Amino acid sequence: MRIAIAGAGAVGRSIAAELLENGHEVLLIDVDPRAIKIDSVPRAEWLLADACEIASLDEAGLNNCHVVVASSGDDKVNLVVSLLAKTEYGVPRVVARINHPNNEWLFNESWGVDVAVSTPRLLSALVEEAVSVGDLVRLMTFRQGQANLVELTLAEDAPVVGQRAGSVPWPVDAALVAILREGRVLVPTADDPLEAGDELLFVANQEVEQELAQLLSQH
């Protein structure tokens with residue numbers, strides 16, 4: 001894939017290095033000459049330009065990009081880049097970094113954001129995920145369609161323990177996408193039994209999260 005990253009700070013450069021390692025083409029864009037550290041990610045393309053300007057995005061060839069990542073440290077910049085990427089260039093997938101939790105409500109499809117990543121929310125979710133058994137934890141929000149990635153670790157007395165995944169009456173708009181068990185990632189089939197200690201990952205509409213939590217943790 002061809003991926004443009006607006007914001008070549010530490011976060012943007014780290015994302016770029018990871019994506020290049022996975023075989024993708026990456027363009028880093030930043031308006032600050034001090035951020036253009038070509039030696040830090042030598043295999044990336046670099047562009048010194050303002051990603052909030054149409055002319056800059058034309059030069060970057062955004063119409064040929066599969067993904068745009070708005071990763072600057074300024075939420076206003078990330079929103080403008082996301083909106084331009086989606087509305088002016090029709091980029092299929094736009095991922096935006098949220099720096100300040102108070103701005104989280106803005107990062108939705110109205111601003112062209114497909115996936116919003118809030119570092120404070122993600123960190124708190126991972127802390128909860130590490131210490132919570134039997135509680136539903138929201139790990140990530142997919143703004144397009146209001147779906148969330150949620151996780152729950154099955155307690156020993158969870159009512160679904162021992163049942164097969166296909167026999168559990170999962171809520172509509174909730175899909176079990178993975179089971180993490182003893183260091184392994186299992187793609188669930190209808191015949192897979194659920195075990196105590198299983199970490200279940202769902203993509204679920206936020207409206208059914210409470211129903212899902214009750215199903216998995218009621219006694």
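Visitor: Which strand does Ser118 lie in?
Guide: This is a predicted model. Ser118 belongs to an element that covers residues 115-118. That element is strand 6.

Visitor: Does Ser118 count as buried or exposed, by relative accessibility?
Guide: The cut-off for buried is under 20% relative accessible area. Ser118 has a relative accessibility of 6%. Because 6% falls under that cut-off, Ser118 counts as buried.

Visitor: Which residues does Ser118 touch, not counting residues up to four places away in sequence?
Guide: Leave out the sequence neighbours up to four places away. Two names then remain for Ser118: Ile98 and Glu104.

Visitor: Which strand does Val115 lie in, and what is its relative accessibility?
Guide: Val115 is placed in strand 6. Val115 counts as buried, and the limit for that class is under 20%. The relative accessibility of Val115 is 4%.

Visitor: Which residues does Val115 touch, not counting residues up to four places away in sequence?
Guide: Again, residues up to four places away are set aside. One part of the list is Arg93, Val94, Val95 and Ala96. The other part is Met140, Thr141 and Phe142.

Visitor: What distance separates the C-alpha atoms of Val115 and Gly7?
Guide: Along the chain, Val115 and Gly7 are 108 residues apart. In space, their C-alpha atoms are separated by 17 Å.

Visitor: Which pocket does Gly7 help to line?
Guide: The pocket in question has 14 lining residues. Gly7, Asp30, Val31, Ser72 and Val77 lie nearest its centre. It is the second largest pocket.

Visitor: How many residues of each class are in the lining of the second largest pocket, and how much space lies in it?
Guide: By class, the lining has seven nonpolar, three polar and four charged residues. The space in this second largest pocket is about 160 Å³.

Visitor: Which residues of the largest nonpolar core touch the most other members?
Guide: This core has 26 residues. Strand 1 (2-6), strand 2 (25-30), helix 2 (54-60), strand 4 (67-70), helix 3 (75-87) and strand 5 (93-98) each give two or more of them. Helix 3 gives the most, with four residues. The members that touch the most others are Ile29, Leu62, Val68, Val91 and Phe107.

Visitor: Which residues does Val91 touch, not counting residues up to four places away in sequence?
Guide: Val91 is one of the core members that touch the most others. With residues up to four places away left out, the partners of Val91 are Leu62, Cys65, His66, Val67, Val68, Ala85 and Lys86.

Visitor: How many residues are in the other core, which lies apart?
Guide: Among its members are Val150, Ala174, Leu186 and Ala204. This other core lies apart from the largest one and has 20 residues.

Visitor: Why is Cys52 too far from the closest cysteine sulfur for a bond?
Guide: A disulfide needs two cysteine sulfur atoms within 2.5 Å. For Cys52, the closest cysteine sulfur is in Cys65, and it is too far for a bond because the separation is 16 Å.

Visitor: How many disulfides does the structure hold?
Guide: Cys65 is in no disulfide, its nearest cysteine sulfur being that of Cys52. Cys65 is buried at 5% relative accessible area, whereas Cys52 is partly exposed at 24%. The number of disulfides in the structure is zero.

Visitor: Where is Asp135 found, and which residues is it in contact with?
Guide: Asp135 is found in the loop between helix 4 (119-131) and strand 7 (137-142). Asp135 counts as partly exposed, at 46% relative accessibility. Beyond its neighbours within four places in sequence, Asp135 is in contact with Glu151 and Leu152.

Visitor: What distance separates the C-alpha atoms of Asp135 and Val80?
Guide: Asp135 and Val80 are 55 residues apart along the chain. Their C-alpha atoms are separated by 36 Å.

Visitor: What is the phi of Asp173?
Guide: Asp173 lies in the loop between strand 8 (147-153) and strand 9 (174-181). Asp173 is not a glycine, yet its phi is positive, about 70°.

Visitor: What is the phi of Glu182?
Guide: Glu182 sits in the loop between strand 9 and strand 10 (184-186). Glu182 counts as exposed, at 77% relative accessibility. Its phi is positive in a residue other than glycine, near 50°.

Visitor: What percentage of the residues of the protein count as buried?
Guide: The protein has five helices and eleven strands. Its C-alpha atoms fill a box of roughly 60 × 35 × 30 Å along the principal axes. Of its 219 residues, the share that counts as buried is 47%.

How values were computed:
Residues numbered from 1 in each chain as written. Predicted model: local features only at pLDDT ≥ 70, side-chain atom pairs only at ≥ 80, totals over all residues. Heavy atoms only, no water. Core = buried A, V, L, I, M, F, W, Y, C linked by side-chain atoms within 4.5 Å. Buried < 20%, exposed > 50% of the residue type's maximum accessible area, 1.4 Å probe, protein only. Contact = heavy atoms within 4.5 Å. 1 Å grid on protein atoms, 1.4 Å probe; cavity = no way out; pocket = protein on both sides within 12 Å on 5 of 7 lines; lining within 4 Å. Points joined across faces, edges and corners; volume = space filled by probe spheres on them. Nonpolar A, V, L, I, M, F, W, Y, C, P; charged D, E, K, R; others polar.
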